Amino acid sequence: MVYVLIAIAMLFIIGPIVTMRPSAKERRQARIRQAASERGVSTTPISLKTNKTLNHLLQRNPHIEKYHWFRYQLVAKEDEPSPSITGEWTQRKDRDGTLVWEAADIKQQEPPLVAELIQLWQAQQNEDFLKLELTPRGAAIVWNERGDVAETEALCDLLKKLMQS
């Protein structure tokens, strides 16, 4: 009986410690965000349910996950180049189930790098990216964080290239 009480007491001591440890997914996300932060890219979580600009995507595309989206954004400093063209491109599914990218403004002229990137994503039918934004001061991609540090570094390099477009 004494050993049972000792075992229960040990569970009460060790249990909270074990549950406080980060899971493998949380450690991977921390590595990804640390790699992005080291390259000057900020990450912001996005919920499609509460985000006013992306909520319309959820209504048109119920297959999209409501959560697990993050905006990876690179903002130019005073002496760094920034995008010469501003615009937004979002991904959606058409009636056939094919993923297509469309500009927020139909008259929008895409820079060559953006056109190449969108063409690549459409050819791959990649659901990992939801939105691409170019602003006068920066570039951002909304991503679901599938992958690891190598994918994050490639995404950060892509944001730097977009800044120079």
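# A tour from strand β5 outward

Begin by selecting β5, which is mostly covered, with six of its seven residues buried. Here, buried denotes under 20% relative accessible area, exposed over 50%, and partly exposed the range in between, with a 1.4 Å probe and protein chains only. Strands (E, at least two residues) and helices (H or I, at least four) are DSSP runs numbered from the N terminus. The model is a predicted one, in which local features need pLDDT of at least 70 and side-chain atom pairs count only at pLDDT 80 or more, while totals for chains, interfaces and linings use all residues. Residues are numbered from 1 along each chain as its sequence is written, and side-chain values use heavy atoms, with hydrogens and water left out.

## The sheet around β5

Next, display the strands together. Six of them form an open sheet, ordered β1-β2-β6-β5-β3-β4, with antiparallel pairing. Two strands are taken to pair if DSSP finds at least two bridges between them. At the edges are β1 (42–46) and β4 (99–103), each of which pairs on one side only. On average, neighbouring strands of this sheet are turned by 20 degrees against each other, direction ignored; the axes behind such angles are lines fitted to C-alpha atoms, for helices over the stretch in contact, and angles run from 0 to 180 degrees between N-to-C directions.

Return to β5 and follow its pairing with β6: six bridges join these antiparallel strands. Select Leu-132 and find its bridge partner in β6, Ile-141. The two strands form a hairpin, with two residues between them.

On the β3 side, four bridges join β5 to β3, and the two run antiparallel. Gly-87 stands opposite Leu-134 of β5. Continue from β3 to β4, where five bridges join the antiparallel pair; there Gln-91 stands opposite Trp-101 in β4.

## Salt bridges on and beside the sheet

Now show the charged side chains. A salt bridge here is a side-chain nitrogen of Lys or Arg within 4 Å of a carboxyl oxygen of Asp or Glu, and the whole structure contains nine of them.

Select Glu-88 and Lys-131, whose side chains meet in a salt bridge at 3.3 Å, N to O. Glu-88 belongs to strand β3 (residues 87–93) and Lys-131 to strand β5 (residues 129–135), so this contact ties together parts that are 43 residues apart in sequence. Glu-88 is partly exposed, at 36% relative accessibility, whereas Lys-131 is buried, at 2%.

Keep Lys-131 selected and add Glu-133: their side chains also meet in a salt bridge, at 3.3 Å, N to O. Both Lys-131 and Glu-133 are buried. Adding Arg-71 and Glu-88 completes the view of a network of salt bridges that links Arg-71, Glu-88, Lys-131 and Glu-133.

Then move to Arg-146 and Asp-128, which form a salt bridge with the closest N and O atoms 3.4 Å apart. This pair links distant parts of the chain, with Arg-146 in the loop between β6 (138–143) and α5, Asp-128 in the loop between α4 (112–124) and β5, and 18 residues separating them. Arg-146 is partly exposed at 42% relative accessibility, while Asp-128, with a relative accessible area of 19%, counts as buried.

## Two loop residues with positive phi

Stay with these loops and inspect the backbone angles. Most residues other than glycine have a negative phi.

In the loop between α4 and β5, select Gln-125. Although Gln-125 is not a glycine, its phi is positive, at about 55 degrees. Its relative accessibility of 31% makes Gln-125 partly exposed.

In the loop between β6 and α5, select Glu-145. Glu-145 likewise is not a glycine and has a positive phi, of about 60 degrees. At 1% relative accessibility, Glu-145 is buried.

## The largest pocket

Finish at the largest pocket, which holds about 180 Å³ of space. On a 1 Å grid over the protein atoms alone, a pocket is an open set of points with protein on both sides within 12 Å along at least five of seven lines, and lining residues have an atom within 4 Å of a point. Grid points are joined across faces, edges and corners, and the volume is the space filled by probe spheres set on the points.

To see the lining, select Arg-39, Gly-40, Leu-74, Val-75, Lys-77, Glu-80, Pro-81, Lys-160, Met-163 and Gln-164. At least two lining residues come from each of β2 (69–75) and α5 (149–163).

Terms used. On a 1 Å grid over the protein atoms alone, a cavity is a set of points where a 1.4 Å probe fits but cannot get out, and a pocket is an open set with protein on both sides within 12 Å along at least five of seven lines; lining residues have an atom within 4 Å of a point.
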